[in-house]
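Dear colleague,

I am handing over a structure for you to look at, and below it I set out what was found in it. Please read the notes with the model open beside them.

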Amino acid sequence: MSAKLSALHSDSYVDISQYRDQHFKGNRYDQEKLLTQSNTLYVGNLSFYTTEEQVYELFAKSGDVKRIIIGLDKVKKTACGFCFVEYYTRVDAENAMRFINGTRLDDRIIRTDWDAGFKEGRQYGRGKSGGQVRDEYRQDYDPARGGYGKIAQQRAPEARNSF
């Protein structure tokens with residue numbers, strides 16, 4: 001198929017992104033294959049206060065949701081801003097990628113990406129303090145994601161105010 005013709009069949013909303021899970025058990029080829037066949041989405045930039053019910057209500061608009069796994073801080077066991085949404089079919093998951101990625105949930109713009117499939121243990125944040133790595137280094141104040149980033153919180157309040 002020519003490049004022009006294949007571009008007509010491309011669907012950038014459902015194409016797999018450049019991101020790859022660095023903790024994936026297997027080789028790159030296996031991961032790519034799973035991503036192209038997956039019914040599971042990773043959903044990021046959630047508020048720590050977004051509930052499973054809110055996620056379900058939004059994602060069920062794209063198809064039949066099989067399950068939702070809310071990401072947890074591995075130390076505190078509280079929500080830490082991401083989840084996995086598993087659909088029964090690839091078509092329903094593709095619809096979510098097309099129509100939900102970049103929309104607002106709980107007043108936050110959420111991001112969706114393909115996931116190679118949920119495995120037990122992946123629901124926990126990978127940051128040193130238990131949450132997500134991105135929240136360790138965040139310098140801004142984000143009340144929906146726990147205030148300042150973990151490293152900024154460790155500094156004295158007067159040092160934070162000097163930014």
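What follows goes from the overall fold to the aromatic residues, then to the cysteines and the cavity.

Please keep in mind that this is a predicted model. The secondary structure of the chain comes to seven helices and six strands, and, when these elements are read along the sequence, they follow the pattern α-α-β-α-β-β-α-β-β-β-α-α-α. Of the 163 residues in the chain, 42% are buried. One of the strands, β4, spans residues 104–105 and contains Leu105, which counts as buried because its relative accessible area is 8%, under the 20% cut-off. Although Leu105 and Asn45 are 60 residues apart in sequence, their C-alpha atoms are 9.4 Å apart in space.

The aromatic side chains come next. The count gives four aromatic pairs, one of which is formed by Tyr42 and Phe84: the ring centres are 5.9 Å apart and the planes stand at 75°, so this pair is edge-to-face. Because Tyr42 belongs to strand β1 (residues 40–44) and Phe84 to strand β3, the pair ties together parts that lie 42 residues apart in sequence. The two partners also sit in unlike surroundings, since Tyr42 is partly exposed at 25% relative accessibility, whereas Phe84, with a relative accessible area of 2%, is buried.

Phe84 also pairs with Phe118, and here the ring centres are 5.3 Å apart with the planes at 55°, so the arrangement is tilted. Phe118 is found in the loop between β6 (111–115) and α5 (133–137) while Phe84 is in strand β3, so this second pair ties together parts that are 34 residues apart in sequence. Both Phe84 and Phe118 are buried. Which residues make up the aromatic cluster that includes these rings? Tyr42, Phe82, Phe84 and Phe118 together form one cluster. A further contact with an aromatic ring involves a charged side chain, as Arg90 lies over the face of Trp114, at 3.7 Å from the ring centre.

As for the cysteines, a search of the whole structure finds zero disulfides. Cys80 counts as buried because its relative accessibility is 2%, and Cys83 is likewise buried, with a relative accessible area of 0%.

Cys80 leads on to the enclosed space, as this residue is part of the lining of the largest cavity. How many cavities of 30 Å³ or more does the count give? There is one, and about 30 Å³ of space lies in the largest cavity, a value that you may wish to set beside the 30 Å³ threshold used for the count. Its lining is made up of Leu46, Ser47, Thr50, Ile70, Gly71, Ala79, Cys80, Gly81 and Phe82. By residue type, the lining divides into five nonpolar, four polar and no charged residues. Strands β2 (65–72) and β3 (79–87) each supply at least two residues of this lining, and β3 gives the most, with four residues. Phe82, one of the lining residues, is also a member of the aromatic cluster described above, and Phe84 of that cluster lies in strand β3 as well.

With best regards

Technical notes
Residues numbered from 1 in each chain as written. Predicted model: local features only at pLDDT ≥ 70, side-chain atom pairs only at ≥ 80, totals over all residues. Heavy atoms only, no water. 1 Å grid on protein atoms, 1.4 Å probe; cavity = no way out; pocket = protein on both sides within 12 Å on 5 of 7 lines; lining within 4 Å. Points joined across faces, edges and corners; volume = space filled by probe spheres on them. Nonpolar A, V, L, I, M, F, W, Y, C, P; charged D, E, K, R; others polar. Disulfide = S-S within 2.5 Å. Buried < 20%, exposed > 50% of the residue type's maximum accessible area, 1.4 Å probe, protein only. Phe/Tyr/Trp six-rings, centres within 6.5 Å; stacked < 30°, edge-to-face > 60°. Lys NZ or Arg CZ within 6 Å of the ring centre and 35° of its normal.
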